[in-house]
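Please find below a short colleague's note on the model under review. The points move from the overall chain to one sheet and then to local backbone features.

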Amino acid sequence: MRGVGGGRWRRTVSQAGRSVAVWVVSTVTMLVLAGILPDFRLQSPDGDSATTIGVTAAVGAGVFGVLSALVWPLLVRLLLLVPALVLSLLVFFLNGSLLLLALRLNPSGQSEAAPETAVIVAAVMSAVASATGGALAVRDDDAYRRRLYRLADRRRRGGPACPATPGTVFVQLDGVGHDVLLTAVGKGLMPTAARWLGHGHGHGQDRHAGATHRLTPWRTDWSSQTGASQLGILHGSNHDVPAFRWYEKDTREVMVCNRPTSAAELQRRAVARTGDGGLLAADGASRGNLFGGGAEEQALVLSIATRRRSRETRSRAGYFAYFSDPANAVRTALSFTAEVAREVGQSTRARLRKQRPRVARGGLYPFVRAFATVVERDVVVAAVMGDMLAGRTAVYADLVAYDEVAHHSGPLSRDAERVLARLDRALALIENVAEHAPRPYRIVVLSDHGQSPGETFRARYGLTLGDLVRAGCGLPVPRRAERTHSGAEARAAVRAALGRPVEERGERHRPSRRSEPIVLASGNLGLVSFPDVPHRMSKEEIDARHPALLPTLANHPGIGFLLVRSEEHGGLVLGAYGAEIPVDRLDEEPGPLAGLGPGAADAVRRTHSFAHTADIMVNSFHDPADGEVLAFEEQIGSHGGLGGAQSEPFLLSPLALSAPVPDGEDLTGAEHVHRVLRRWLSESEGPPVPLETAREERAA
């Protein structure tokens, strides 16, 4: 008992010593700022002695520290209803307000600061205090562990003892392709991943000297995007998810995977189809994902964002757990500001250099990027650390930073490479926390899709896919589209199909708005639906209504192939020069699918079987030589369809777990990945599952 009491006493003294050190450093910082900033004063107008000024600074720093510790968590909880992006911008204002209050409460009554100066002083003092406390805390493991506990929302007090079996952390690096990971490892951008792979030499599932993990590529479905992949990974089914956004004729609604109502409905459908709660149903946590995976602990999860707020369904609860620490709030806010400035500088440099391809990066985008690369990353990583220190069995977290930057800067750009380096540091932090967790942890890193580079369809041809569809239907198009070569060809095809060699002024057909097509884009995948027809239209019906539409699309140089339903052949793939191939014959005669890699035919056939597949599915042109595609959205790094690196994400797993698939077999589809991850969770209770089970999963 004496040893235990002595240890507690030493820890108390150590913690008190660190608090005093932080207070002293804050006092010195306040004195320095008072000497630099003209609108910040710690003395009366008549002047005071050095001792009086020092006491005033010490009292002010102490009061500010106490207010930050007591009032800040309450302010953050009150502001949980504020959007997270706005909350990150309010951090500076709130911290400055606390400093002004601290100066008013100072007994000397001699200190004052202008409001804008208070914001600067508070930010600098919080940053210095955080850095000082962190540097001192890292000196001993106990303090470091306590500091990590403060970063997370500990919800297991009084719960059962933590089991000794290994837990599993799944970290999703959104949009990082298999080839991008290997390139980053080879360049030394990701030293943590390189160390896990044995310095990153070699490819595939080869084991190298000193390696602790194996790298396995896997192939997505046709819809190579987070909504389809993560739904399949977390819930075991992504059936009837043809794209990132699509029109459903039975409900007359546009489904969008990152819309809360759509995400909730997709999750409900997946659970109903599988009869299972999800990958994380047994003592799991879902952090920063589109879907919950059945986890009892969910934070920053889109599918629960529309529910009534409660302790179990607060999608933004993770923000309170993180921002309730004022040092975290200021540090993240400073990084947020720096990231906004970095994006403005990078986009300006790209514009001055006239880089191609390039898309617009103005407006709110710098703030959106900063939120994805700083706020979301910091909050999610802190939540994962809290889950590990609480001993949760399974944690799945999504880090979206790379995907956001690669869309606008390009998947192989220097901007994206810098994000990869910061993500690797997050992996190193999670690995470090595992050493302090109450149970061993296995860290699995994976991605949901890759990204394919290339300029946009609009940049190359001067019109959008929607413009081309309208022109092929004989509908009015914007004047800029009329002047393009593609627009002229489409109008000529319409006139020829209708037997009208001359287009007379005012003779254009203007159907009702209800019969006009709905054209949606998901990366380089386009979807065309006719809302006035309640069923999926056949090729024959489309030809009868718009005889020039399908030839216009299939023969356009920016389009790779189309998928339509045929009354005679079932699913039918259309290509240039009149190519028509039934989906059942694609293995023998791939036609326009040649060059899209193995599994493309199966992916197309599977999508054809969905109830909500669009009347016309449009996949853009793909250049096999350089992997480029043409996005139908304003993105120079895109995903969502077939072609290039977007369809080949990765799975980085510890060697202690069984191989994802037997040698010589492919890991195909998000549903297959779900079965592999579920198998690994079961291995925590016993030895690795033999490969015969993996073959059964493949057969399933």
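**Note on the predicted model**

1. In this predicted model, 55% of the 700 residues in the protein chain are buried. The accessible surface of the protein chain amounts to about 29,500 Å², and carbon and sulfur atoms contribute 56% of that surface.

2. The secondary structure of the protein chain consists of 24 helices and 21 strands. Of the contacts in the protein chain with a separation of 6 or more, 70% are between residues 24 or more positions apart.

3. One open sheet deserves a separate point. Its 6 strands follow the order 12-13-17-14-15-16 and pair in antiparallel fashion. Strand 12 (518-522) and strand 16 (580-582) form the edges, each pairing on one side only. On average, neighbouring strands of this sheet are turned by 20° against each other, direction ignored.

4. Within the sheet, strand 14 (residues 559-566) and strand 15 (residues 570-574) run antiparallel and are joined by 5 bridges. R565 has G571, in strand 15, as its bridge partner. In general, strands of a sheet pair through backbone hydrogen bonds, either parallel or antiparallel.

5. Two helices should be read together with these strands. Helix 17 (residues 465-472) lies across strand 12, strand 13 (525-529), strand 14 and strand 17 (616-620), and runs at about 150° to strand 12. Helix 22 (residues 600-608) lies across strand 14, strand 15 and strand 17; with respect to strand 14, helix 22 runs at about 40°.

6. The loop between helix 12 (326-352) and helix 13 (365-389) contains P357. The peptide bond leading from R356 to P357 is cis, and its omega is near -5°. K354 lies in the loop between helix 12 and helix 13 as well. Although K354 is not a glycine, its phi is positive, at about 55°. Is K354 buried or exposed? With a relative accessibility of 65%, K354 is over the 50% cut-off and therefore counts as exposed.

7. A positive phi is also found at R252, a residue other than glycine, where the value is near 55°. R252 belongs to the loop between strand 5 (245-248) and strand 6 (253-256). The relative accessible area of R252 is 59%, so this residue is classed as exposed.

8. For checking the local backbone, the places to inspect are the cis peptide bond from R356 to P357, the positive phi of K354 and the positive phi of R252.

Notes. Residues are numbered from 1 along each chain as its sequence is written. This is a predicted model: local features need pLDDT of at least 70, side-chain atom pairs count only at pLDDT 80 or more; totals for chains, interfaces and linings use all residues. Side-chain values use heavy atoms; hydrogens and water are left out. Helices (H or I, at least four residues) and strands (E, at least two) are DSSP runs, numbered from the N terminus. Buried means under 20% relative accessible area, exposed over 50%, partly exposed in between (1.4 Å probe, protein chains only). Contact means heavy atoms within 4.5 Å. Accessible areas come from the Shrake-Rupley method with a 1.4 Å probe; for residues, only the protein chains shown count as cover. Two strands pair if DSSP finds at least two bridges between them. Axes are lines fitted to C-alpha atoms, for helices over the stretch in contact, and angles run from 0 to 180 degrees between N-to-C directions.
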